[in-house]
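Got the model open in your viewer? Let's walk through it one selection at a time.

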Amino acid sequence: MATTVQRPMQPDDLVNALPAVEPLFSRVAPSLPPVQFTGSVGSRYNMGGGQPDPDSLPRGRLVEITSELLAGEEGKAALMYGDASGYLGLREALTEKLRRWEHLEVTPEELLIVNGSNHGLALVVQAFVNPGDVALVEAPTFMGGLRPLRQLQARIEMVPLDDDGIQVDLLEQKVQALRDGGTPAKLLYTIPNFHNPAGVDLSLERRRRVVELAERFNFVVLEDDAYGELRFSGQPLPSLYGLARKGRVVRSATLSKILAAGLRVGYLTAPREVIARLNSLKLDGGASPFVGRVAATWLRSDHDAHVRRLVDLYRRKRDALVRGLEGGFVAGDALRPSWTLPAGGFFLWLRLPAGVDSLKVAEAASVRGVAYVSGSSFFADGSGADYIRLAWSMLSEEDLEQAGALIAESIHLGAA
Ligand SMILES: Cc1ncc(COP(=O)(O)O)c(C=O)c1O
């Protein structure tokens, strides 16, 4: 029997097996950089991440709810393993909220609790996409939707947005061409309410067209609604889920923006047959029974009043940012970026005018302590450097007004 002569162990080998383990990683494991959720925490004016306002978090209520839970009858169950679909009481509370806020009639069996909606998006992608399958995304879009598609080596095709959301005529042309070319689209990932990053709403007419195209060309729609409750003006529009036939749409939503991102509570809505498939892919032992109970109590007792307060808070923040920005440009200023005023959510999406160097703008902003995300993070092909995304969610109104003015100053410097 052949024996391999190994070099004697070096002192470092005793503590570090990483060089030997490196080639053992699977093909997908090392290929994507980790997501940074903390935003640019060191910056004086952090408009980077889509985090809720830290001062808006209902910490006092969570202390009360948590201690009552742990001391009460449910305390033990909260600390044991739970239902793989997520705590039933939370799914029941969510069905009531969906009825009241989204006019959706669903049963608890049509809900799956996940560890934040990022987790939900990844599960849905995993359930429908094989390597090489065509997936459609908006241009721009949220990286949390792009990441699982990239990880599963989907062929990602972009469809541009305008002020009314995804451009459905271009969507139709794209799906027709893909079908004609023998590579039909399988899935569309779309963010119909207060788009991240573009801030726009998908119009009702286009919602109907998206659903109709999904039927005609037989693709699944992954509807990501992370900000829908945070509407500052206008009437809520029906979800794609509500407009479509059963099974055509899987809807993803979250408590991250209205309760607390750190609790990691997201939920998928789909017919029970689809939920069963998604559940079988979900190998995490079930969402936290403890957090599920806390969230269920909060939803029943606090949700509506809290969301109303948030709507007012975030509307004022949006207005402060826009005020600061507007104030930095004189009438007819050729360097004024263009934007569409979002009717809700967290984000202002600026398009820099031609002749402005986005790297210079970023540098000037950084020197002034202002952080934001460059547009190229939101395009599947890495384009979009002439856009920037400002999140108004985290800063005070005063700071936002100041940050808006500093952005305007940085844009002027970017043109120099
Ligand atoms: C459009 C969109 N979808 C999903 C998420 C993910 O949220 P979470 O995983 O915290 O539920 C975010 C958060 O930034 C988002 O903006």
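**Stop 1: a proline in a loop**

Start by selecting P140, which sits in the loop between β3 (134–139) and α6 (143–151). Keep in mind as you go that this is a predicted model. Now add A139 to the selection: the peptide bond joining A139 and P140 is cis, with omega about 10°. Most peptide bonds are trans.

There's a second cis bond to look at. Pick N196 and P197, and you'll find the peptide bond from N196 to P197 is cis too, with omega near 15°. P197 belongs to the loop between β6 (185–190) and α8 (204–217).

**Stop 2: positive phi**

Stay in that loop and click on F194, which also lies between β6 and α8. What is the phi of F194? It is positive, about 45°, although F194 is not a glycine. Most residues other than glycine have a negative phi. Is F194 buried or exposed? With a relative accessible area of 1%, F194 is buried, because buried means under 20%.

Next, jump to Q153, in the loop between α6 and β4. Q153 is another residue other than glycine with a positive phi, here near 55°. Its surroundings can be read from the accessibility: Q153 has a relative accessible area of 37%, so it counts as partly exposed.

**Stop 3: the sheet of 8 strands**

Switch to cartoon view and color by strand. You're looking for an open sheet of 8 strands with mixed pairing, in the order β2-β9-β8-β7-β6-β3-β4-β5. Which strands are at the edges? They are β2 (111–114) and β5 (165–166), each of which pairs on one side only.

Zoom in on the β5 end. Strand β4 (residues 155–162) and β5 run antiparallel and are joined by 2 bridges. Show L161 as sticks, and across from it in β5 you'll see I166.

Now select β8 (249–254). How many of the residues of β8 are buried? The count is 6 of 6, so to speak of β8 as mostly covered is fair, given that buried means under 20% relative accessible area. Turn on the side chains: V249, R251 and A253 point one way, V250, S252 and T254 point the other way, and all are buried. That fits the general pattern, since in a regular strand the side chains alternate between the two faces of the sheet.

Add the neighbors of β8 in turn:

- Strand β7 (residues 220–225) pairs with β8 in the parallel sense, over 5 bridges. To see one partnership, select V221 and its bridge partner in β8, V249.
- β9 pairs with β8 in the antiparallel sense, over 4 bridges. Here, select S252 and its bridge partner in β9, L268.

Before leaving, bring in helix α10 (residues 272–281). This helix lies across β2, β8 and β9 (266–269), running at about 25° to β2.

**Stop 4: around S85**

Select S85, in the loop between α3 (75–78) and α4 (88–102). Relative accessibility is 14% for S85, so this residue counts as buried. What does S85 touch, leaving out residues up to four places away in sequence? Its contacts are R91, L111, L112, I113 and N279. Try a distance label as well: from C-alpha to C-alpha, S85 and E110 are 9.6 Å apart in space, while 25 residues separate them in sequence.

**Stop 5: the sheet of 3 strands**

Move on to another open sheet, this one of 3 strands with antiparallel pairing, in the order β10-β13-β12. β10 (347–351) and β12 (373–374) stand at the edges with a single partner strand each, so one side of each has no neighbor in the sheet. For a closer look, pick β12 and strand β13 (residues 387–391), which run antiparallel and are joined by 2 bridges. S374 is the residue to click here, as it stands opposite I388 in β13.

**Last stop: a nonpolar patch**

Finish in surface view with L18, V21, L24 and F25 selected. Together they form a nonpolar patch on the surface, with about 400 Å² of accessible area. V21 is found in helix α1 (residues 18–21). V21 has 32% relative accessibility, so it counts as partly exposed.

How values were computed:
Residues are numbered from 1 along each chain as its sequence is written. This is a predicted model: local features need pLDDT of at least 70, side-chain atom pairs count only at pLDDT 80 or more; totals for chains, interfaces and linings use all residues. Side-chain values use heavy atoms; hydrogens and water are left out. Patches are made of residues with over 30% relative accessible area and no salt bridge: like charges are joined within 9 Å, nonpolar side chains (Val, Leu, Ile, Met, Phe, Trp, Tyr) within 5 Å. Accessible areas come from the Shrake-Rupley method with a 1.4 Å probe; for residues, only the protein chains shown count as cover. A salt bridge is a side-chain nitrogen of Lys or Arg within 4 Å of a carboxyl oxygen of Asp or Glu. Buried means under 20% relative accessible area, exposed over 50%, partly exposed in between (1.4 Å probe, protein chains only). Two strands pair if DSSP finds at least two bridges between them. Contact means heavy atoms within 4.5 Å. Axes are lines fitted to C-alpha atoms, for helices over the stretch in contact, and angles run from 0 to 180 degrees between N-to-C directions.
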